Amino acid sequence: MRELNKQNLALNEDWYGDTAAIPCFACGKVFLVSKILHRKGRACPACGRTRALLARSRCLVTESCDGSDLNLVKAAGE
Ligand SMILES: [Zn+2]
């Protein structure tokens with residue numbers, strides 16, 4: 001699991017307000033995750049292998065499909 005750094009976003013990442021854009025590690029698709037719409041995170045819409053969660057002031061990204069969406073929610077303290 002990794003966490004986006006708002007002060008040091010990569011070229012293919014973005015984060016503004018309640019929405020962040022994250023590239024999928026597996027297929028390269030860039031997808032949005034919203035704090036409001038995706039309370040339990042969102043998986044890559046193309047392959048599902050990357051999952052991201054925006055909660056409070058953190059953006060957590062997990063790059064596996066081992067059911068770690070639960071860990072994401074836990075890590076965000078929701
Ligand atoms: Zn993907």
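User: What share of the 78 residues in the chain is buried?

Analyst: This is a predicted model. To read burial, count the C-beta atoms around each residue; 20 or more others within 10 Å make it buried. Here buried residues make up 22% of the 78.

User: Which elements does the chain have, and in what order do they run?

Analyst: Read from the N terminus. The order is β-β-β-β-β-β-β-α. That is one helix and seven strands. The radius of gyration is 11 Å, close to the 12 Å of the globule rule for 78 residues, so the chain is as compact as a globular protein of that length. Along the principal axes, the C-alpha atoms fill a box of roughly 30 × 25 × 20 Å.

User: How much of the contact set links residues 24 or more positions apart?

Analyst: Take the contacts with a separation of 6 or more. Pairs 24 or more positions apart account for 28% of them.

User: What is the strand order in the open sheet?

Analyst: Follow the pairing, not the numbering. Four strands line up as β1-β7-β6-β5, with antiparallel pairing. β1 (2-3) and β5 (42-43) each have a single partner strand, so they stand at the edges, and one side of each lacks a neighbour in the sheet.

User: How many bridges pair β1 with β7?

Analyst: Bridges tie strands together residue by residue. β1 and β7 (residues 58-62) pair over two bridges, in the antiparallel sense. For the register, take E3: its bridge partner in β7 is L60.

User: Now β3. Which strands does it pair with, and over how many bridges?

Analyst: Check each side in turn. Three bridges pair β3 with β2 (residues 14-16), antiparallel. Here Y16 has T19 of β3 as its bridge partner. Five bridges join β3 to β4 (residues 30-34), again antiparallel. On that side I22 stands opposite F31 of β4.

User: How many residues lie between the strands of each hairpin?

Analyst: Look at the turn length, then at phi. The β2 and β3 hairpin has two residues between its strands, and G17 in the turn has a positive phi of about 60°. The hairpin of β3 and β4 has six residues between its strands. There G28 takes a positive phi near 90°.

User: Which β3 side chains are buried, and which are not?

Analyst: In this strand, read the faces by alternation. A20 and I22 point to one face and are buried. T19, A21 and P23 point to the other face and are not buried.

User: Which residues make up the largest nonpolar core?

Analyst: Look for buried nonpolar residues joined through C-beta atoms within 7 Å. The largest such core here has 10 residues: L4, A20, I22, V33, A52, L53, L54, C59, L60 and V61. β3, β6 (51-55) and β7 each supply at least two of them.

User: What does A20 touch, leaving out residues up to four places away in sequence?

Analyst: With that exclusion, A20 touches L4, D14, W15, V33, A52, L54 and C59. Several of these contacts, including L4, V33 and A52, are also members of the core.

User: Take a loop residue. Where is E63, and is it buried, exposed or partly exposed?

Analyst: Place it first, then count neighbours. E63 is in the loop between β7 and α1 (69-75). It has 16 C-beta neighbours inside 10 Å, so E63 counts as partly exposed.

User: Which residues does E63 touch, not counting those up to four places away in sequence?

Analyst: Compare sequence distance with spatial distance. E63 touches F25 and T50 under that exclusion. F25 is 38 residues from E63 in sequence, yet their C-alpha atoms are 6.6 Å apart in space.

How values were computed: Residues numbered from 1 in each chain as written. Predicted model: local features only at pLDDT ≥ 70, side-chain atom pairs only at ≥ 80, totals over all residues. Buried ≥ 20, exposed ≤ 12 C-beta atoms within 10 Å, placed from the backbone. Pairing = 2+ DSSP bridges. Rg over C-alpha atoms; globule rule 2.2 N^0.38 Å. Contact = placed C-beta atoms within 7 Å.
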